[in-house]
Structure formats: structure tokens, C-alpha cells
Amino acid sequence: MKKIFILLTLILFLTGCNSNTSQREVTFWTLQMGDFAPYINEVIQSYESTHKDIKIKWIDVPFSEGEKRTLAAVMTDCPPDLINLNPDFSALLAQKGTLQEIQESNLTHFTPEIIEAIKYNGKLYSIPWYATSAITIYNKELFNKSGLVRLPKTFKELSSVSEKIKTNTGAYSYLPTITENDTMLRILNKYGISEPEDFNSEESKKVFEMFKTLYQKNLIPPETITLTHREALEQYMAGKIVFYQGGANFLNMIKENAPKIYTQTDVTEQLKGPVGQNDFSIMNFVIPVKAKHKAEALDFCLYLTNEENQLKLAKLTNIIATNSNALNDDFYNNYSDLTSKSRSISAKQIRKITPALKQKENQKEINFLINSTVQSALLNKDSIENLLNKLSKNIQSIK
């Protein structure tokens, strides 16, 4: 209880609830954006210069503390007015009735597919800020050595040539981190599978069988059963795998830590399934239902996410804008090097993201059940059919 009291007291202090200033003070929280303080301060100053009666109070929260602080804040009568969160936690807060519904008519300048993707129960409770969309990073020399004539575009195509790649290059085709977080669920979503009743479908069985076959034939590394995307990147930098699925930001890591591999590197679109959509991640803003300055918070948020300000942030980072006009800028459509090429690919992928994976209540438990099933399948502990029947029942029991 003492810890909760201290945290709530800190929240009251940080949100400025005890302030007696005559200006309307909008408290604005971001997650781990301190490195971009000059940019954010410039946006704030520009906004305040045309809104003399509004003061923006910016607080940058460490990423590891974002959910804990936000949950404590929305329990008070004076939470921050505008909070930067990920969609998963935003959906959880929307479930609890702690977020203000956003009228879609205010967000016409955003990409429609992104707006649709971040809705919860058909309603909008958040405003998109920036996005990322994984690309395929691959070793050109190993690819040429493999004897393949064209790049595989789907998981099925890559699976079908994995044996040829290993025979001709000595390297694995890739290391799918299918037991990390919601990776397997995202892959299944590309096959139209996202609901519990679909997990024991014929399509789902094919996906699990595909990865089981690759694992049992030693066509993907044994470490597939436990490794994360960072560790898979290390395998790529060591020249042990040909293809790596990840964000464009990993190109800098390859350049710095494996310069020789970087000279052999090229990029292409992420692997797809039969549905044809792309994976993406997004960061958004929410306005607590108990916020004191909802209208002002929304107005500032729309300013922060307008075409000009999104492009400024994009040019400082590897993020993809969610503003439709910004996405049509030459910055995303022209490229001359690997970094700009990956940015252009990612931006194009953002235009095709539906059907997007919808986060559910108890999502972490669902991910755990799926990942445990993947491990059992790869290790051949039971038939795929039995494992998926059990998975479907277990997920439905926690709904």
C-alpha cells in the first residue's frame, strides 16, 4: 500500500494537478523519447507560440515504467492529458473504460488501414503517431551461391527452397523466432488465423507442419526453439543464415558490428502468407477519460502528428509516418542507398496491413500457450492435430 501511495503521489506531482497557473496546462507523456528532446521541444514551442493560453508540460517516461505509471495515473482524478502507449496496452485500458473515445472524423489525415487496425470493438480510443514494418534483410553473396533465381516472397516459398540453400551454401535459410512473444501468432494471422476456433483448422495445421518439418530436417537452426530476434541477428552477422526478418533499424547494427556482412547485404519485402498483408507495429497516443484538458490534448496531438512534424521525426529516425500526406512524400518514395531503400519498402508495406492482428484480453497468456505448442510441435511431442486441438480448447477456456 505504501508503494502505491508513493506512486500516486508522484503521479499527482508529475501531472501538475496541484498547479494554480492561469494557463491551461496540458500534461504530455512520451515513452523513451529523451534522445529526441530538441525535436519535441521545438514542436511544443511552435505550438505554444500560436496557442498563448496553453502550456504543454512534457514528461518522458522510461519504456520499462510506461505501463506501470500509466495504470497508476489513470486511477487518479488527474491523469496526464495525453499519453504515448503501444496499442496492446491501449486496448487493455479501453477494456477498463479508462480512455476517451476519439471521433474518427478528427483523424481523416491518417492512413485508413492504420485507423481501422487500432480500433477496439469498432471504436477508436487512440491516435496513431508512428509505425514500423519489418523487412527482409538478406545476404546477397549467399543468395547468389544458393542457386536460386528469384527471392522467395512467402513463408511457403522459403520453406520449399531451404534444403537447396543449405546444400549449396552451408548456411541455414533463416532462423524464425517463432517462440518469441507473438511472432507465431503474427505468422498465423498471415494465413487468416487469429481466433481460437481457427487454431485447429487445416490451414493452421499446414503452418505448424511446415515449421516442424524444417526443424526435424535440420533446415532451420536448433536454436529456433528458444532464440530471440536479437540472437537471430547475431547469426545473420556471423554469416550463418541467409535471410533475416527485422526492422530497418537493424541495418545500422549490422554496419557497425559486421561491416563485411553489411557490404553483402540487401533488403526486400517481408515474407507474406496467402492473405498478402504485412506485419507492422505502431505507437499511439491516448487521452484518459478523466483528463482535465481533453480538447486541448487532442488539438496538440493532431499538431504533433501533422504532415510536417511527422516528416521531421521520420528524418531523425527509422520510423514510418502514419499521416497519409507524409507517406506520399518523396522521402518515402525515392531511395539511393540501403537505408532509404528499406524505408521505402516499409512505407509501401504500411499501405497493406489488413486484416491486422487484433490484441485480446489475456494476450500474454494466449501467446504463451501458442509458443508452448510450437515448442512441443518442433520437438515432436505429439501429433500436430492433437496439439492444436488442445491449444484451441485452452485458449477458449481463458477468454
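**Figure 1. Cysteines and the absence of disulfides in the predicted model.** A search of the whole structure, which is a predicted model, finds zero disulfides. For C301, the closest cysteine sulfur is that of C78, and because the two sulfurs are 19 Å apart, they are too far from each other for a bond. A disulfide would need the pair of cysteine sulfur atoms to lie within 2.5 Å. The residue C301 is itself buried, with a relative accessibility of 0%.

**Figure 2. Surroundings of Q277 in the loop between strand 8 and strand 9.** The loop that holds Q277 runs between strand 8 (265-268) and strand 9 (281-286). Although Q277 is a loop residue, Q277 counts as buried, because its relative accessible area is 1%, which falls under the 20% limit for that class. Two backbone oxygens lie at polar-contact distance from the side chain of Q277: that of N189, at 3.1 Å from a polar atom of this side chain, and that of P355, which the side chain reaches at 3.0 Å. When residues up to four places away in sequence are left out, Q277 touches N189, K190 and K272, and also K352, I353, T354 and P355.

**Figure 3. The open six-stranded sheet and the pairing of strand 1 with strand 3.** Six strands form an open sheet in the order 2-1-3-9-4-10, and their pairing is mixed. Strand 2 (54-61) and strand 10 (320-321) are the edge strands of this sheet, each of them pairing on one side only. Within the sheet, strand 1 (residues 24-31) pairs with strand 3 (residues 82-85) in the parallel sense, over two bridges. For F28, the bridge partner in strand 3 is L82. Strand 9 (281-286), which follows the loop of Q277, stands between strands 3 and 4 in the sheet order.

**Figure 4. The whole chain as the setting for the close-up views.** The chain has 19 helices and 10 strands. Its radius of gyration is 23 Å, close to the 21 Å that the globule rule gives for 399 residues, and the chain is therefore as compact as a globular protein of that length. Along the principal axes, the C-alpha trace spans about 75 × 50 × 40 Å. Of the 399 residues, 54% count as buried, while the accessible surface of the chain comes to about 18400 Å², with 50% of that area belonging to carbon and sulfur atoms. Among the contacts with a separation of 6 or more, 73% are between residues 24 or more positions apart.

Technical notes. Residues numbered from 1 in each chain as written. Predicted model: local features only at pLDDT ≥ 70, side-chain atom pairs only at ≥ 80, totals over all residues. Heavy atoms only, no water. Helix = DSSP H or I, 4+ residues; strand = E, 2+ residues; numbered from the N terminus. Buried < 20%, exposed > 50% of the residue type's maximum accessible area, 1.4 Å probe, protein only. Polar contact = N/O pair within 3.5 Å; in protein donor to acceptor, adjacent residues only side chain to side chain. Contact = heavy atoms within 4.5 Å. Rg over C-alpha atoms; globule rule 2.2 N^0.38 Å. Areas by Shrake-Rupley, 256 points an atom, 1.4 Å probe, with all protein chains shown as cover. Pairing = 2+ DSSP bridges.
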